[in-house]
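User: I'm new to reading protein models and would like a close look at a single part. Could you pick up the charged pairs around one arginine and then walk me outward from there?

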Amino acid sequence: MYTYAAFVFIAAILLVAGDRFIGQAESTRLFGDALVYTQMAEGDYSDVTSPFRYRILVPSFAWILPFTATESLKIVSYTGLFVFYVVTLFVCKRLGFSLLASIGGLCVVFSTVWHLNNYNNPYLTDAAAIGLLALMLLSAIWRSIIAFIVTSAMAVLTREITLLLIPIWLVTKQWRRAGAAIVVGVLVLMLPRLLMSSDSGFIDSVTNNFNRVDRVGDLTSLAKPVLLHWGFVGCLTIFGLVLTPGHRFPMIVLAFALLSFAAVSSSFLATDVGRMIAILSPVMAVSCAQLIMMLLDSSRFISALLFAVIVTQIFWVPTIITSREGWVFDSVFPRAALGALEVILILAIVVILRTDLTREFGAKMTAAQGRMNNWRDS
């Protein structure tokens with residue numbers, strides 16, 4: 001009971017800190033997709049195009065609330081963030097992580113640019129999506145198929161790309177239930193498009209978006225935000241995946257693979273790539289918790305340095321301390337200094353945990369080779 005109360009308390013601290021420290025740094029400014037979702041939250045779908053018009057869950061909840069459209073969207077987004085924090089801590093507890101390591105893994109994700117932007121721009125569906133993805137992961141770990149199907153259906157109505165996480169249920173080897181979850185997810189994806197379609201069609205709209213963005217012809221715009229804002233956290237995530245014990249590994253690595261595919265796929269259709277990578281947040285938090293738990297046992301100094309870098313990363317976005325006009329990372333030197341510190345920290349982690357990393361990597365490669373041999377023999 002006290003543990004659950006602690007989870008709620010920690011989530012509330014992160015939510016309040018994000019709102020007061022980040023969300024209050026600048027005046028409210030609606031732009032881009034936020035304008036579309038605000039229109040939907042007001043009940044107006046008249047000129048909303050694909051895929052926004054089919055992401056009906058968040059605007060519908062916002063429309064029900066007795067506040068303005070922007071206030072209601074903010075409430076729904078903050079609820080999604082709160083759910084993400086609490087559920088991620090539940091997942092970490094279920095997987096056997098210490099509370100400190102769980103908080104550390106969550107804070108790693110909290111410090112990233114695109115997570116903090118949920119407080120600057122809480123008028124999108126992103127925050128609700130990661131909260132529902134975390135619930136899908138927890139439902140799969142608990143083997144609760146009803147909760148998994150309901151949560152996945154809600155997630156698809158929030159952002160259609162979440163459909164790609166549904167096959168995670170295959171890890172349970174409950175094939176009929178996995179098939180049922182996938183069928184329900186596809187039906188939930190297609191039904192609004194059949195009932196509400198007013199454009200050239202789903203396939204045509206995807207093709208048009210792909211041609212408009214042209215990521216293939218401009219790979220620099222795809223790679224730069226990923227390396228700049230997610231590179232450090234991505235390295236920590238990979239280390240955590242390698243260090244994940246065998247009994248936890250299949251579900252976590254499959255979730256990482258499915259969400260990575262979803263992120264890369266959606267990045268070819270989006271103009272803000274960092275937001276697409278953000279759907280990996282639940283798996284990143286869990287993997288980083290695994291890394292931090294082992295790092296705490298090996299080196300308290302490096303662990304403290306890691307937490308210092310996490311806190312520093314918060315200033316990648318304007319805060320109430322550094323406004324947009326005096327933003328510390330608006331110049332080259334602070335960016336280069338933090339990047340250099342992150343590289344040094346990654347190298348230090350490799351040196352300190354080299355034995356564990358080598359052992360676990362070798363064990364996983366041996367297990368994978370064994371599965372391949374069994375598959376060939378069969």
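Analyst: Here is a walk that starts at one arginine and moves on to its surroundings.

One thing to keep in mind from the start is that this is a predicted model. Our starting point is R275, which sits in helix 13, a stretch covering residues 273–277. Which partners does R275 meet in salt bridges? One is D33, with the closest N and O atoms 3.3 Å apart. Another is D126, and here the distance from N to O is 2.6 Å. As background, side chains of opposite charge can pair when their charged atoms come close.

Now look at where these partners come from. D33 belongs to helix 2 (residues 33–41), and 242 residues separate it from R275, so this pair links distant parts of the chain. D126 belongs to helix 7 (residues 126–142), and the pair it makes with R275 also links distant parts of the chain, 149 residues apart. If you trace the chain in the viewer, try finding helix 2 and helix 13, and then helix 7.

Is R275 buried or exposed? R275 has a relative accessibility of 8%, and it counts as buried because that value is under 20%. D126 is buried as well. D33, on the other hand, is partly exposed, with a relative accessible area of 23%. The bridge from R275 to D126 therefore joins two buried residues, while the bridge to D33 reaches a residue that is partly exposed.

How many salt bridges does the structure hold in total? There are eight. Another of these pairs is E360 with R359, whose closest N and O atoms are 3.9 Å apart. That distance still counts because the cut-off for a salt bridge is 4 Å. E360 is buried at 17% relative accessibility, whereas R359 is partly exposed at 45%. There is also a network of salt bridges that links D19, R20 and K74.

Let's return to helix 7, the home of D126, since helix 7 also takes part in something quite unlike a charged pair. As a general idea, rolling a probe the size of a water molecule over the atoms shows where empty space is left. The structure holds one cavity of 30 Å³ or more, and the largest cavity has about 30 Å³ of space in it. Which residues line the largest cavity? They are L133, L137, L165, A255, L259, P282 and V283. Helix 7, helix 12 (249–267) and helix 14 (281–298) are the elements that each give two or more residues to this lining. What kind of residues are they? Seven are nonpolar, with no polar and no charged residues in the lining.

Past helix 7 we come to R143, which is found in the loop between helix 7 and helix 8. R143 is partly exposed, with a relative accessible area of 39%. Its backbone is worth a look too: phi of R143 is near 60°, a positive value in a residue other than glycine. For context, most residues other than glycine have a negative phi.

A second residue with a positive phi is K173, where the angle is near 65°. K173 lies in the loop between helix 8 (145–156) and helix 9. With a relative accessibility of 62%, K173 counts as exposed. The C-alpha atoms of K173 and W142 are 14 Å apart, and the two residues are 31 residues apart along the chain.

The loop with K173 leads to helix 9, which spans residues 175–196 and includes M190. M190 is partly exposed at 32% relative accessibility. Together with I182, V186, L191, L194 and L195, M190 forms a nonpolar patch on the surface, with about 560 Å² of accessible area in total.

Our last stop is A69, found in helix 4 (residues 69–94). A69 is buried, with a relative accessibility of 12%. From A69 to M40 the C-alpha atoms are 8.6 Å apart in space, while the two residues are 29 apart in sequence.

To recap the part you asked about: R275 pairs with D33 and with D126, and R275 itself is buried.

Conventions:
Residues are numbered from 1 along each chain as its sequence is written. This is a predicted model: local features need pLDDT of at least 70, side-chain atom pairs count only at pLDDT 80 or more; totals for chains, interfaces and linings use all residues. Side-chain values use heavy atoms; hydrogens and water are left out. A salt bridge is a side-chain nitrogen of Lys or Arg within 4 Å of a carboxyl oxygen of Asp or Glu. Helices (H or I, at least four residues) and strands (E, at least two) are DSSP runs, numbered from the N terminus. Buried means under 20% relative accessible area, exposed over 50%, partly exposed in between (1.4 Å probe, protein chains only). On a 1 Å grid over the protein atoms alone, a cavity is a set of points where a 1.4 Å probe fits but cannot get out, and a pocket is an open set with protein on both sides within 12 Å along at least five of seven lines; lining residues have an atom within 4 Å of a point. Grid points are joined across faces, edges and corners, and a volume is the space filled by probe spheres set on the points. Ala, Val, Leu, Ile, Met, Phe, Trp, Tyr, Cys and Pro count as nonpolar, Asp, Glu, Lys and Arg as charged, and the others, Gly among them, as polar. Patches are made of residues with over 30% relative accessible area and no salt bridge: like charges are joined within 9 Å, nonpolar side chains (Val, Leu, Ile, Met, Phe, Trp, Tyr) within 5 Å. Accessible areas come from the Shrake-Rupley method with a 1.4 Å probe; for residues, only the protein chains shown count as cover.
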